[in-house]
Amino acid sequence: MNIIIVGCGKVGEALAEQLNEEGNNLTVVDTDHNKVDNIVNKYDVMGVVGNGATHAVQQEADIKNADLLVAVTGSDELNLLCCIIARKAGNCKVIARVRNPQYSSEAVYLKRELGLAMVINPELDAAAEIARIVRFPSALKIDTFARGKVELLKFRLPENSPLAGCAVKQISAKFHSDVLVCTIERDDEAYIPNGDFVFREKDVISMIATPQNAHHFFRKIHYVANSIKSLMIVGGGEITHYLCKMLERDNIDVTVVEKKKQRCAELAERFHDYTIIHGDAVDQDILLEEGVATADAFAALTNLDEENIFLSLFARNSGNAKLITKVNRIDFNSVIKELDLDTIIYPKNITSERIVRYVRAMGNSIGSNIETLYHIIKGKVEAAEFYIRENSAIVGKTLSELKFHDNVLIATIMRDGKAIIPRGSDTIELGDTVIAVSGHLALHDITDILED
């Protein structure tokens with residue numbers, strides 16, 4: 001697929017990396033030749049230096065033969081203009097990044113009137129992920145499938161857990177829980193376990209379950225965190241704005257620490273029931289005075305990765321809060337994992353996964369539409385949700401009859417609004433939604449899980 005990416009910032013680079021790995025033909029556009037050169041040399045893609053919102057530059061990027069243009073510059077207005085020109089100059093689909101809350105509230109109108117395939121907002125998506133964690137703090141990460149009816153939860157197995165020493169196949173009988181373990185991360189290795197795989201303390205486990213079954217399972221293994229009643233947020237940017245709005249009805253005592261006075265005034269005017277503090281959180285005394293030691297959760301959401309990491313480490317040493325740390329760069333991901341910072345939020349990855357999902361759906365022509373896509377373990381294991389819309393080799397046969405690729409797992413079948421944790425005797429039928437977990441990356445269609 002021929003794709004043009006306008007904007008070579010953090011999100012643009014993340015998109016270039018992931019869409020390039022998917023085998024697409026990419027052209028990146030930016031006014032900064034250093035940013036263009038960096039991505040061109042790093043990922044071996046085409047590059048154009050110039051204003052992507054001009055007809056001439058889009059022509060140079062070969063807009064007439066493009067299948068998709070994605071505008072992710074730092075300006076909402078510029079992104080929208082890029083898409084309008086692309087719709088006129090070519091016959092491609094267009095996606096715009098829109099961050100301003102005023103524009104985001106009109107996303108449906110913008111899509112309809114400007115002919116956008118998608119409006120993306122990394123800050124809004126990141127806030128939604130944080131809100132899920134705040135509401136269910138037992139998990140390190142929560143993703144949703146089937147419109148929230150099924151969840152993919154990641155959690156670290158604590159010391160002295162009754163699950164340690166058990167085999168995967170013992171979960172159902174021993175804990176009377178209907179959950180399915182998808183992956184286990186241990187040291188630097190990732191496993192899609194079989195029934196004989198034995199859990200160890202400190203394993204990072206990803207499982208799929210309905211929200212009710214997940215709560216039941218965590219109670220059974222004595223791993224239920226206290227509900228969050230107080231949340232301290234450092235950084236008053238757009239993620240904080242969206243998060244505060246999402247939590248307004250949750251009866252949570254929210255304190256925001258922000259060093260820009262004007263931003264504090266804007267937040268205070270919008271969120272009357274929250275405590276907005278004007279101050280620099282690098283000053284430890286401010287955090288201590290505002291109750292970091294007693295907060296149930298602490299979210300470091302400034303624009304500096306290093307500051308977020310140090311603030312979270314300070315919060316860990318000061319109290320027992322659930323930690324949520326925003327990180328934009330993933331270059332030192334292996335080091336960050338060793339710091340045990342609970343939940344790490346990567347806004348640019350959330351956005352790139354949404355767009356990759358859309359690109360795969362565009363290229364699909366077999367028998368199922370990809371609905372949702374998540375990287376459980378970046379570059380190693382992904383979970384994809386498919387809607388079965390046509391007959392194919394997978395329909396009507398029991399799972400035990402089908403020959404799957406190695407490292408493939410059918411995690412859930414949604415049928416008539418009910419989640420089925422599948423067994424060998426279950427079948428996949430027309431109209432089902434199927435969640436597949438795979439170490440065989442880049443599933444475009446449900447039939448990709450089968451051996452040729």
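This passage looks at one helix and its surroundings, one pair of helices and one buried valine. The model is a predicted one, where local features need pLDDT of at least 70, side-chain atom pairs count only at pLDDT 80 or more, and totals for chains, interfaces and linings use all residues. Residues are numbered from 1 along each chain as its sequence is written, and side-chain values use heavy atoms, with hydrogens and water left out.

Helix H4 covers residues 76-89; helices (H or I, at least four residues) and strands (E, at least two) are DSSP runs numbered from the N terminus. From first C-alpha to last, H4 reaches 20 Å, close to the 20 Å expected (1.5 Å times one less than its number of residues). Its buried residues (under 20% relative accessible area, 1.4 Å probe, protein chains only) are Asp76, Asn79, Leu80, Cys82, Cys83, Ile85, Ala86 and Ala89. Among the elements covering them are strands E1, E4 and E5 and helices H3, H5 and H6.

Next comes the helix pair. The axes of H10 (residues 238-246) and H11 (residues 261-270) come within 11 Å and cross at roughly 15°; axes are lines fitted to C-alpha atoms over the stretch in contact, with angles from 0 to 180 degrees between N-to-C directions. That angle makes H10 roughly parallel to H11 (under 35 degrees). Contact, meaning heavy atoms within 4.5 Å, is made by Glu238, His241 and Lys245 of H10 and by Arg263, Leu267 and Arg270 of H11.

Finally, Val356 sits in helix H15 (residues 347-363) and is buried, at 1% relative accessible area. Leaving aside residues up to four places away in sequence, Val356 touches Gln18, Leu19, Glu22 and Leu373.

Conventions:
Buried < 20%, exposed > 50% of the residue type's maximum accessible area, 1.4 Å probe, protein only. Parallel < 35°, antiparallel > 145°, perpendicular 65-115°, else oblique.
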